[in-house]
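Visitor: Please pick one part of this model and take me through it up close. I'd like the helices you choose and the turns beside them in one connected story.

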Protein chains: 2
Amino acid sequence: MGIFNVELKKVVDDSYKIEIGFHLEDTLINDLKNGLVGNISKFALITDSIVENLYAKDILERLKKEGYTADLFVFEAGEKQKTRQTKEMIEDAMLERGYRRDCCIIAIGGGVVTDLAGFLAGTFGRGVPFINYATTLLAAADASVGGKTAVDTPLATNLIGLFNQPKKVYLDIATWQTLPARQIYSGLAETIKHACISSKELFEFLENNMDAILSIDKNACEHIANENCKIKYQVVMKDELESGLREILNLGHTVGRAIETVSDYQLLHGEALSIGLVAEVRLATDLGYMTKEEADKVVVLLSKANLPITIPEYIDKEQLVKKLYTDKKVKNGRLRFVVQKGIGDVVEFEEGVFATPIDEDVARQIIMSI
Amino acid sequence: MGIFNVELKKVVDDSYKIEIGFHLEDTLINDLKNGLVGNISKFALITDSIVENLYAKDILERLKKEGYTADLFVFEAGEKQKTRQTKEMIEDAMLERGYRRDCCIIAIGGGVVTDLAGFLAGTFGRGVPFINYATTLLAAADASVGGKTAVDTPLATNLIGLFNQPKKVYLDIATWQTLPARQIYSGLAETIKHACISSKELFEFLENNMDAILSIDKNACEHIANENCKIKYQVVMKDELESGLREILNLGHTVGRAIETVSDYQLLHGEALSIGLVAEVRLATDLGYMTKEEADKVVVLLSKANLPITIPEYIDKEQLVKKLYTDKKVKNGRLRFVVQKGIGDVVEFEEGVFATPIDEDVARQIIMSI
C-alpha cells in the first residue's frame, strides 16, 4: 500500500495575436519566415471546397514558393461536414502523406473549418500547432477568441472537442467580399449577440451603419471585427474554462443550436442564432428584464441584417422543444437560459451564475409564439 | 489593419496521486465521497469485455449503492479495439444516455482502456475529469504516469490522442491475479525497459525476483509498481511534452510498435516491445555503447519473463522495415532510435537529444538477424 505523488504544476502561456486587415496572405508568409511556429517546415492546409479555390490554393502556392512542404486537405463545405468522420478522413490523408508530429496546421476558412481543424490539430500526434486564417465574418466574431474547437455528432452539436489555442489568427476582411450575402447576414448574428450582451455602443453602431457593413466598407468592418474580438476576449479572459461568465456568450444559443440541428443545417448557424435571440428577448421580456421596446429593437436590428426572426414552417416545434435538452447548459435534466438585461447587459442570477432554469412549458410557449 | 493581443498566461495544476495496493475499490468510493472530483454525481465507467465481469460491474454496483448515477460502457477487449470507431461508439452511447459535461469518466482496465478512456474524457464536452483504475501490470508501468492517451489508426499506433492527466490513478495489484500469464509477461517488458534506461538496481531486482513476480507476490509486485512509477515520473517530469528526454521511454518501441502493427496485434504490446528491446541492444552493441555481455543479460532477462526474443516467422521482415517509418520519432524522413548505454542508462547524443538517425540498411540488418 502506498501513495505516489505526481506533481504537475506549471505556467502555461497560450497567448497569441489576432491580426485584422485586408489581404493578409503576405503577412502570414512573413510571420512563418520569422519563426511564428519555430522551425517547422511542413504545413497541412485544411480548408473546405469553397475556400479551396478562393484563397487556400493561393496560400499553398505562396508556401511552396518559399520552399515549405505544404499540402491541401479539403472537405466539402457546410456545417454538416463538421463531424468526426471528416476529422478522421483528414487525419488518414495526412498520415498517408507522411505528416507526423513535426507539422503545423493552417485552417483557412470560416468557423466550420477553424473548429474542425483546431480540434484535429489538438489530437494529431497528441497536438501540433495551428494557425487560423479566417475568411468569414462569423469566424471573426466567434472563432477567433476562446479556443473552443469541436465537431458535431448526430446527437448534439459541438460536444466532442477541445479547448485549443491557435498560434495566431488572421482576420482577412478582404475575403468577406467573396462571401455569399447569406453568410454575411449569418455572421452578423454573433456580432449582434455580442452587442446585446455587453455593448450598447456597438448595438447603436450596428443600427446606424448596417448598410456600410453589408457592402463590406473597410472601416465599418474593421471596427466590428475589433469590437467582436474585444467583447469576446473580455468575457473569455475572465472565465477561460466556461464555468460561469462565459455562459453569457451562449445567449440565443439554447434555441439557436437546437433549431440549427432540427433544420438539418438548412439554416446557417447565424440564422438559427437569430431566431434563438428572438426567443430569448421574448423570454427576457416575460421575465421582466427587458422592456417590449428594447426587445423589439433587437428584432428590428436582426431584421435589418436580413436575418430570419421567425421559425420556418418546416420546423417541427415539438421536436425543437425536445432538442433543447441536448444543450450543454442543461443541468440535472433542466433547461437553462442566459437572459439579456436591457441592451448591452445580461442577468447575473447569483454570483457567477448567468444561466437560469426555465420550465419546459415556458420554453415551449415562446417557441410556439415565434 | 490592427493587432489584437490575446493574453493567456496562467498556472495550471494537474497534480494527482497514484495509489498502489491490494483491492482499492473501497478507497475509490471513499475518495469520491470525499470530493475527489468535486460534486460530480454522474459516472461513466469505461471498460472492456474481460474486465467488465471481473471488476467493473462490482465497482458499478458500489457506486450505485452510494446513490451515484453510473453506467457501464463496454467495448471488446484487445489493442485492435483502440480505435476512433470505438471512441465514437462510446461517445454516442454516453450522449444517448444523457451524459453531458457534468460527468466523470472512470477507466477500469489495462492500458488499452486507460488510453482510450483518457482520450475520450479529454474531448467529451471539451474535457471532463477522469480516473484510472488500472488492472494490469502494463498499465502500472506504462499508463499511470505521463498523461499520454491515444487511439490507433490503420496507418499508425498512438498518433491520434492527447496529453491528458487523470484526477487519480489506482494500481490494484490484486487484479493482477486474474491476468492471463501472457499479460503478466507482456507487462514485464515495460518494467524491464524502465530498468534498462535508468536503474541497474531494478534490473538486478528483476533478475533475482522473477519467480516471485510471476506468482504475484505482494511485496515484489508493489516494489516494481512503485519503481515503474518512480522511473517514469522522473523522466516525464523533466520533459512533460516529450521534446527530448522523454524519448528515452521509447527505447525498444521503434521496432516494437512496428512489429505490433505488422503482427496485426497477434503480439501483445509487451511481446512486441520485448523483440524491439532485443533489436535495440543489438544496435547498441554494434554502435559500441553496450558490451555483448550486457546485451545478452537483457535478452536473458526478457526470456526469463517468458517474453519472445526473436521475430515470429509469420512476420514479413521487409514489411516491418517499411513500417518503421510510421514511428513518431521519424524526422525529415529518417529513422531515429534511442540507444541504451550499458545497463541502466541511455546515450545522450547531444544536449537534450536522446535519439539518433539510423540508416535503413543498419536497421534492416538487425531485423534480419533476430
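Guide: Let's fix a word first: "buried" means under 20% relative accessible area, "exposed" means over 50%, and "partly exposed" is anything in between, with a 1.4 Å probe and protein chains only. You're looking at a predicted model, where local features need pLDDT of at least 70, side-chain atom pairs count only at pLDDT 80 or more, and totals for chains, interfaces and linings use all residues, while side-chain values use heavy atoms and leave out hydrogens and water. Residues are numbered from 1 along each chain as its sequence is written, and chains are lettered from A and ligands numbered from 1 in the order in which they are written. Helices (H or I, at least four residues) and strands (E, at least two) are DSSP runs numbered from the N terminus.

The part I'd pick is helix 9 of chain B and its surroundings. Ten of the ten residues in helix 9 of chain B are buried, so it is largely enclosed by the rest of the structure. That buried set runs from nonpolar to charged names, with Val255(B), Ala258(B) and Ile259(B) among them, and Arg257(B) and Glu260(B) are on the list too. What do the buried residues of helix 9 of chain B pack against? Their partners in chain B are strand 9 (156–163), helix 6, helix 10, helix 12 (317–323) and strand 11 (336–338), with contact taken as heavy atoms within 4.5 Å.

One of those partners, helix 6 (residues 181–198) of chain B, has 18 residues and runs 26 Å from first C-alpha to last, close to the 26 Å expected at 1.5 Å a residue; that expectation is 1.5 Å times one less than the number of residues. In helix 6 of chain B, 13 of the 18 residues are buried, so the rest of the structure largely encloses it.

Now for the way out of helix 9. Just after helix 9 of chain B comes Asp264(B), with a positive phi of about 55°. Tyr265(B) also has a positive phi, near 65°, despite being a residue other than glycine. Tyr265(B) sits in the loop between helix 9 (253–262) and helix 10 (269–286) of chain B, and its 18% relative accessibility makes it buried.

Elsewhere in chain B, Ile216(B) is another non-glycine with a positive phi, about 55°. Its loop lies between helix 7 (200–214) and helix 8 (218–238) of chain B, and at 12% relative accessibility Ile216(B) counts as buried. For a glycine version, look after helix 4 of chain B: Gly125(B) follows, with a positive phi near 60°. Helix 4 (residues 111–123) of chain B has 13 residues and reaches 18 Å, close to the 18 Å expected, and 13 of its 13 residues are buried.

For contrast in cover, try Lys292(B), in helix 11 (residues 292–304) of chain B. At 46% relative accessibility, Lys292(B) is partly exposed. Beyond neighbours within four places in sequence, Lys292(B) touches Arg282(B) and Thr285(B). The C-alpha atoms of Lys292(B) and Val281(B) are 8.8 Å apart, with their positions eleven residues apart along the chain.

A quick look at chain A to finish: 63% of its 370 residues count as buried, and its C-alpha trace spans about 70 × 60 × 40 Å along the principal axes.
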